[in-house]
Amino acid sequence: MLGGYLLGSIPVGYLIVRWKSGADVRQTGSGATGATNVTRQAGRTLGLLTLFLDALKGALAVWLARAILGEEGTPWAVAGAGPWAVIGHC
């Protein structure tokens with residue numbers, strides 16, 4: 001679950017805009033690092049990429065928990081990885 005939290009805390013939108021233009025996405029619109037602000041600052045394609053990668057963080061957290069803990073692992077730990085990724089994202 002800690003891994004899910006840490007994975008979710010990666011600011012994908014911030015990193016994409018910083019890589020693309022060197023700008024800070026938090027200076028646009030609502031000040032968030034989400035797909036909407038990335039779209040405003042860097043275009044639709046990178047906004048969609050941000051949306052996809054943000055969603056992928058939750059799925060990846062669950063997949064990694066299952067891979068590490070195995071099929072015999074604690075089900076609540078695997079199930080908890082996704083929500084903790086969302087909490088880390090927030």
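**Helices and a pocket**

Reader: Which helix gives the most to the lining of the largest pocket, and with how many residues?

Author: In this predicted model, local features need pLDDT of at least 70 and side-chain atom pairs count only at pLDDT 80 or more, whereas totals for chains, interfaces and linings use all residues. Residues are numbered from 1 along each chain as its sequence is written, and side-chain values use heavy atoms, without hydrogens and water. The largest contributor to the lining of the largest pocket (an open set of 1 Å grid points over the protein atoms alone where a 1.4 Å probe fits, with protein on both sides within 12 Å along at least five of seven lines; lining residues have an atom within 4 Å of a point) is H4, with five residues.

Reader: Which elements give two or more residues to that lining?

Author: The residues that line the largest pocket are Met1, Gly3, Gly4, Leu7, Ala61, Leu64, Ala65, Ile68, Leu69, Ala77 and Ala81. Those giving two or more residues are helix H1 (2–8), H4 and helix H5 (75–89).

Reader: How many nonpolar, polar and charged residues does the lining have?

Author: The space that they enclose in the largest pocket comes to about 150 Å³. Sorted by class (Ala, Val, Leu, Ile, Met, Phe, Trp, Tyr, Cys and Pro nonpolar; Asp, Glu, Lys and Arg charged; others, Gly among them, polar), the lining has nine nonpolar, two polar and no charged residues.

Reader: How many helices and strands does the chain have?

Author: Along its principal axes, the C-alpha trace of the chain spans about 45 × 20 × 15 Å. Read from the N terminus on, its elements run α-α-α-α-α. With helices (at least four residues) and strands (at least two) taken as DSSP runs, the totals are five helices and zero strands.

Reader: How does H3 run relative to H4, and which residues make the contact?

Author: The axes of helix H3 (residues 35–42) and helix H4 (residues 44–69) come within 7 Å and cross at roughly 160°. With angles over 145 degrees counted that way, H3 is therefore roughly antiparallel to H4. Their contact (heavy atoms within 4.5 Å) is made by Ala35, Val38, Thr39 and Ala42 of H3 and by Arg44, Leu46, Gly47, Thr50 and Leu51 of H4.

Reader: What is the class make-up of the contact of H2 with H4?

Author: Helix H2 (residues 12–21) packs on H4 at an angle of about 145°, with the two axes 9 Å apart. On the H2 side are Val12, Gly13, Ile16 and Lys20, which meet Leu46, Leu49, Thr50, Leu53, Asp54 and Lys57 in H4. By class, this contact has five nonpolar, two polar and three charged residues.

Terms used: Axes are lines fitted to C-alpha atoms, for helices over the stretch in contact, and angles run from 0 to 180 degrees between N-to-C directions. Angles under 35 degrees count as roughly parallel, over 145 as roughly antiparallel, 65 to 115 as roughly perpendicular and the rest as oblique. Grid points are joined across faces, edges and corners, and a volume is the space filled by probe spheres set on the points.
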